[in-house]
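Dear colleague,

Please find below the sequence and the structure that I am handing over to you. My notes on what was found in the structure follow directly after.

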Amino acid sequence: MITKRLVLSFPPPLIDQPVTFELVRKYNLKINILRARITPREQGRLVVEVTGSKKDMDAGLKFLDEMKVEVKALALDVKFHDERCIECSACTSVCPSGALSVQRPEMRVSFNHEKCIACELCIPVCPFNVMEIVF
Ligand code: SF4
Ligand code: SF4
(Lines give C-alpha, C1' and ligand atoms only; values in the text may rest on other atoms or scores of the structure.)
(Ligands and ions follow the chains in the order given, each with its own letter.)
Protein backbone atom coordinates (compact mmCIF):
# COMPACT_ATOMS: atom_id res chain seq x y z
CA MET A 1 0.00 0.00 0.00
CA ILE A 2 1.18 3.51 -0.75
CA THR A 3 -0.21 6.86 0.30
CA LYS A 4 0.07 10.14 -1.58
CA ARG A 5 -1.03 13.61 -0.59
CA LEU A 6 -2.29 15.32 -3.71
CA VAL A 7 -3.87 18.59 -4.81
CA LEU A 8 -6.62 17.94 -7.39
CA SER A 9 -7.86 20.87 -9.49
CA PHE A 10 -11.17 20.34 -11.27
CA PRO A 11 -12.15 22.46 -14.28
CA PRO A 12 -15.68 23.97 -14.07
CA PRO A 13 -17.48 21.21 -16.06
CA LEU A 14 -16.28 18.61 -13.57
CA ILE A 15 -17.16 20.36 -10.32
CA ASP A 16 -20.43 18.47 -9.80
CA GLN A 17 -19.16 15.17 -11.22
CA PRO A 18 -18.52 12.24 -8.86
CA VAL A 19 -14.84 11.94 -9.78
CA THR A 20 -13.55 11.04 -6.31
CA PHE A 21 -16.41 8.55 -5.89
CA GLU A 22 -15.23 6.86 -9.10
CA LEU A 23 -11.70 6.65 -7.69
CA VAL A 24 -13.10 4.70 -4.76
CA ARG A 25 -15.56 2.57 -6.72
CA LYS A 26 -13.53 1.71 -9.82
CA TYR A 27 -9.97 1.86 -8.55
CA ASN A 28 -10.36 0.66 -4.98
CA LEU A 29 -8.56 3.72 -3.62
CA LYS A 30 -9.19 5.10 -0.15
CA ILE A 31 -9.70 8.88 -0.29
CA ASN A 32 -9.37 11.13 2.71
CA ILE A 33 -10.37 14.71 1.84
CA LEU A 34 -8.15 17.09 3.79
CA ARG A 35 -9.36 20.34 2.28
CA ALA A 36 -11.95 21.41 -0.31
CA ARG A 37 -12.41 24.75 -1.97
CA ILE A 38 -14.15 26.27 -4.98
CA THR A 39 -12.24 29.26 -6.29
CA PRO A 40 -13.90 32.50 -7.55
CA ARG A 41 -13.39 31.22 -11.11
CA GLU A 42 -15.47 28.19 -10.14
CA GLN A 43 -12.54 25.86 -10.30
CA GLY A 44 -12.75 23.14 -7.67
CA ARG A 45 -9.73 22.23 -5.60
CA LEU A 46 -9.33 19.28 -3.27
CA VAL A 47 -6.40 18.36 -1.08
CA VAL A 48 -6.63 14.61 -0.59
CA GLU A 49 -4.74 11.74 0.92
CA VAL A 50 -5.02 8.75 -1.42
CA THR A 51 -4.14 5.21 -0.32
CA GLY A 52 -4.05 2.05 -2.38
CA SER A 53 -1.85 -0.46 -4.17
CA LYS A 54 0.65 0.90 -6.70
CA LYS A 55 -1.34 -0.67 -9.55
CA ASP A 56 -4.61 0.94 -8.40
CA MET A 57 -2.85 4.26 -7.73
CA ASP A 58 -1.37 4.32 -11.25
CA ALA A 59 -4.74 3.42 -12.80
CA GLY A 60 -6.55 6.06 -10.72
CA LEU A 61 -4.04 8.76 -11.68
CA LYS A 62 -4.42 7.78 -15.34
CA PHE A 63 -8.20 8.13 -14.97
CA LEU A 64 -7.78 11.63 -13.47
CA ASP A 65 -5.48 12.60 -16.33
CA GLU A 66 -8.05 11.40 -18.87
CA MET A 67 -10.74 13.39 -17.05
CA LYS A 68 -8.52 16.52 -17.36
CA VAL A 69 -8.17 16.83 -13.59
CA GLU A 70 -4.86 18.51 -12.77
CA VAL A 71 -2.93 16.51 -10.17
CA LYS A 72 -0.02 17.91 -8.17
CA ALA A 73 1.82 16.50 -5.19
CA LEU A 74 1.11 18.47 -2.03
CA ALA A 75 4.36 20.41 -2.00
CA LEU A 76 3.72 22.57 1.01
CA ASP A 77 5.57 21.68 4.11
CA VAL A 78 5.27 23.26 7.54
CA LYS A 79 8.12 23.96 9.93
CA PHE A 80 7.71 24.64 13.63
CA HIS A 81 10.37 27.00 15.04
CA ASP A 82 9.91 26.03 18.66
CA GLU A 83 12.58 28.44 19.91
CA ARG A 84 10.21 31.31 19.03
CA CYS A 85 7.14 29.83 20.70
CA ILE A 86 5.85 31.40 23.95
CA GLU A 87 3.30 28.58 24.50
CA CYS A 88 0.29 30.92 24.27
CA SER A 89 -1.69 28.04 22.69
CA ALA A 90 -3.65 30.34 20.34
CA CYS A 91 -2.77 28.12 17.39
CA THR A 92 -4.06 24.91 18.94
CA SER A 93 -7.69 26.07 18.78
CA VAL A 94 -7.57 26.63 15.01
CA CYS A 95 -5.60 23.54 14.03
CA PRO A 96 -8.16 21.13 12.50
CA SER A 97 -5.99 18.04 12.52
CA GLY A 98 -4.59 18.06 16.04
CA ALA A 99 -1.07 18.63 14.73
CA LEU A 100 -0.72 21.49 17.23
CA SER A 101 -1.70 20.50 20.74
CA VAL A 102 -1.04 21.29 24.38
CA GLN A 103 0.88 18.56 26.18
CA ARG A 104 -0.24 18.08 29.76
CA PRO A 105 0.75 18.39 32.54
CA GLU A 106 3.68 20.49 31.28
CA MET A 107 1.25 22.64 29.22
CA ARG A 108 3.76 22.80 26.39
CA VAL A 109 2.60 23.38 22.83
CA SER A 110 3.89 20.69 20.52
CA PHE A 111 3.78 20.13 16.78
CA ASN A 112 3.21 16.69 15.25
CA HIS A 113 4.40 16.91 11.67
CA GLU A 114 2.71 13.62 10.74
CA LYS A 115 -0.73 15.03 11.52
CA CYS A 116 -0.25 18.35 9.70
CA ILE A 117 -2.33 18.80 6.54
CA ALA A 118 -0.66 22.13 5.58
CA CYS A 119 -3.97 24.01 5.80
CA GLU A 120 -2.11 27.20 6.88
CA LEU A 121 -4.79 28.19 9.41
CA CYS A 122 -2.20 28.55 12.16
CA ILE A 123 -0.05 31.02 10.22
CA PRO A 124 -2.05 34.24 10.79
CA VAL A 125 -2.88 33.28 14.38
CA CYS A 126 0.69 33.07 15.69
CA PRO A 127 2.13 36.45 16.74
CA PHE A 128 5.72 35.18 16.56
CA ASN A 129 5.77 33.45 13.17
CA VAL A 130 6.57 30.13 14.77
CA MET A 131 4.97 28.22 11.91
CA GLU A 132 6.59 28.60 8.53
CA ILE A 133 5.25 27.37 5.20
CA VAL A 134 8.02 25.96 3.04
CA PHE A 135 7.37 25.57 -0.67
S1 SF4 B 1 -0.90 24.04 8.89
FE2 SF4 B 1 -1.07 24.61 11.06
S3 SF4 B 1 -3.29 24.58 11.51
FE4 SF4 B 1 -2.98 23.45 9.57
S5 SF4 B 1 -2.80 21.31 10.21
FE6 SF4 B 1 -0.71 22.13 10.08
S7 SF4 B 1 -0.25 22.80 12.14
FE8 SF4 B 1 -2.48 22.56 12.04
S1 SF4 C 1 0.36 30.72 18.49
FE2 SF4 C 1 2.58 30.73 18.08
S3 SF4 C 1 3.49 31.38 20.04
FE4 SF4 C 1 1.39 30.74 20.48
S5 SF4 C 1 1.56 28.56 21.03
FE6 SF4 C 1 1.12 28.64 18.85
S7 SF4 C 1 3.13 28.56 17.87
FE8 SF4 C 1 3.48 29.12 20.01
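**Domains and overall layout**

The centres of domain 1 and domain 2, taken over C-alpha atoms, are separated by 28 Å. Please keep in mind that this is a predicted model. The domain assignment places residues 2-73 in domain 1 and residues 77-134 in domain 2. Along its principal axes, the C-alpha trace of the protein spans about 50 × 35 × 20 Å.

The protein contains two helices and eight strands. Read from the N terminus, the order of these elements is β-α-β-β-α-β-β-β-β-β. Among the contacts in the protein with a separation of 6 or more, 63% are between residues 24 or more positions apart. Of the 135 residues, 33% count as buried. The exposed area of the protein is about 8700 Å², and carbon and sulfur atoms supply 54% of it.

**Nonpolar cores**

In soluble globular proteins, nonpolar side chains tend to be buried together. The largest nonpolar core of this model has 21 residues, of which V78, L100, F111 and M131 touch the most other members. Two elements, β7 (108-111) and β8 (131-134), are those that give two or more residues to this core. Domain 1 and domain 2 each contribute at least three residues to this core. Another core, of 15 residues, lies apart from it and includes V48, M57, L64 and V69.

V78 deserves a separate entry. Leaving aside residues up to four places away in sequence, V78 touches F111, H113, C116, A118, M131, E132 and I133. F111 and M131 are thus partners of V78, and both are also listed with V78 among the residues that touch the most other members of the largest core.

**Surroundings of the ligands**

Which residues surround ligand 1? They are C95, P96, S97, A99, L100, F111, C116, I117, A118, C119, E120 and C122. By class, this shell has ten nonpolar residues, one polar residue and one charged residue. L100 and F111 belong to the shell of ligand 1, and both were named above for their many partners in the largest core.

Ligand 2 is surrounded by F80, C85, I86, E87, C88, S89, C91, V109, C126 and V130. The shell around ligand 2 has eight nonpolar residues, one polar residue and one charged residue.

**Backbone features**

Most residues other than glycine have a negative phi, and most peptide bonds are trans. The points below may be of interest against that background.

- The peptide bond from R104 to P105 is cis, with omega near 5°. P105 is found in the loop between β6 (100-103) and β7.
- M107 is a residue other than glycine with a positive phi, near 60°. M107 also lies in the loop between β6 and β7. With a relative accessible area of 44%, M107 is partly exposed.
- N28 has a positive phi of about 60°, although N28 is not a glycine. N28 sits in the loop between α1 (19-27) and β2 (30-38). Where does N28 stand, buried or exposed? N28 counts as exposed because its relative accessibility is 58%, and the cut-off for exposed is over 50%.

The loop between β6 and β7 therefore holds both P105 and M107, which is partly exposed at 44%.

With kind regards

Terms used. Residues numbered from 1 in each chain as written. Chains lettered and ligands numbered in written order. Predicted model: local features only at pLDDT ≥ 70, side-chain atom pairs only at ≥ 80, totals over all residues. Heavy atoms only, no water. Near = heavy atom within 4 Å. Nonpolar A, V, L, I, M, F, W, Y, C, P; charged D, E, K, R; others polar. Core = buried A, V, L, I, M, F, W, Y, C linked by side-chain atoms within 4.5 Å. Buried < 20%, exposed > 50% of the residue type's maximum accessible area, 1.4 Å probe, protein only. Helix = DSSP H or I, 4+ residues; strand = E, 2+ residues; numbered from the N terminus. Domains from an automatic or database assignment. Contact = heavy atoms within 4.5 Å. Areas by Shrake-Rupley, 256 points an atom, 1.4 Å probe, with all protein chains shown as cover.
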